[in-house]
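Reader: Could you take me through one part of this model up close, the aromatic side chains? I'd enjoy one connected account rather than a list.

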Amino acid sequence: MTGPIIPGTQRRHDQYVMNTITKAWCRFTNWPAEDFAVFNGELYFCAGGAVYKAWTGTSDDGNNIVAEAKTAFSNFGKPGRTKKFKMLRPVMAANGVFSFLTDLDVDFRDDDIAGTATYTPTSSALWDSSNWDDAYWMEASKVLKEWASPSEWPGAWASVKIKVQTNSLTIQWMSTDYIYEVGGLL
């Protein structure tokens with residue numbers, strides 16, 4: 001998860017974060033947080049003498065939020081067997097039109113996803129501010145399922161990764177489908 005670049009904070013800050021429910025770890029980058037606190041159920045952090053509210057809204061102070069995510073490596077129930085990955089299909093949902101980048105890492109590689117994901121902001125009415133009969137109201141989330149070819153094919157273990165960016169949409173990654181052939185023992 002990429003966060004705000006705050007003036008006056010030149011050092012690189014990485015936070016290693018654990019989900020207390022699933023026990024899964026992730027890393028936040030570019031959040032110049034020096035300390036975190038939860039107040040009234042909301043996450044805040046301080047940086048350079050200022051306090052910022054995290055996890056609020058769909059933009060980073062008007063800028064794009066760039067999110068990269070990667071699943072845990074899996075052997076797909078066939079340990080020690082090579083798999084030739086042909087296609088993968090992340091199942092995503094969003095309340096607007098967007099594109100995302102996806103790829104596959106095999107055998108514990110950790111390559112970057114190159115490129116830029118795009119989105120089309122949707123204009124919608126604001127609750128309690130727009131005229132009821134004159135405004136366009138936001139549609140429910142739509143599911144996007146697109147097959148992609150991975151750049152790495154053979155491997156015993158695989159992890160899918162995605163990259164999205166937006167400053168107006170709510171995007172969810174719900175599941176991933178794979179097409180692969182199982183080969184012989186390593």
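Author: Tyr16 is exposed, because its relative accessible area of 58% is over the 50% cut-off. This is a predicted model, so please read every value here as computed from it. Tyr16 sits in strand β1, which covers residues 14-18. Together with Met18 and Trp25, Tyr16 makes a nonpolar surface patch of about 400 Å².

Now to the ring pairs. The structure holds 10 aromatic pairs. In one of them, the ring centres of Phe76 and Phe85 are 5.6 Å apart and the planes meet at 55°, so this pair is tilted: an angle counts as tilted when it is neither under 30 degrees nor over 60. Phe76 and Phe85 are both buried.

Phe85 also pairs with Tyr180, at 5.4 Å centre to centre and 45° between the planes, and this pair is tilted too. Here the contact joins distant parts of the chain. Phe85 belongs to strand β7 (residues 81-94) and Tyr180 to strand β14 (residues 171-185), with their positions 95 residues apart.

The two partners fall into separate burial classes. Phe85 has a relative accessible area of 1%, so it is buried, the limit being under 20%. Tyr180 is at 25% relative accessibility and therefore counts as partly exposed.

To put the pieces together, ring pairs link Phe76, Phe85, Tyr178 and Tyr180 into a cluster. Within that cluster, Phe85 pairs with Phe76 and with Tyr180.

How values were computed:
Residues are numbered from 1 along each chain as its sequence is written. This is a predicted model: local features need pLDDT of at least 70, side-chain atom pairs count only at pLDDT 80 or more; totals for chains, interfaces and linings use all residues. Side-chain values use heavy atoms; hydrogens and water are left out. Rings of Phe, Tyr and Trp (its six-membered ring) pair if their centres lie within 6.5 Å; planes under 30 degrees apart count as stacked, over 60 as edge-to-face and the rest as tilted. Buried means under 20% relative accessible area, exposed over 50%, partly exposed in between (1.4 Å probe, protein chains only). Helices (H or I, at least four residues) and strands (E, at least two) are DSSP runs, numbered from the N terminus. Patches are made of residues with over 30% relative accessible area and no salt bridge: like charges are joined within 9 Å, nonpolar side chains (Val, Leu, Ile, Met, Phe, Trp, Tyr) within 5 Å. Accessible areas come from the Shrake-Rupley method with a 1.4 Å probe; for residues, only the protein chains shown count as cover. A salt bridge is a side-chain nitrogen of Lys or Arg within 4 Å of a carboxyl oxygen of Asp or Glu.
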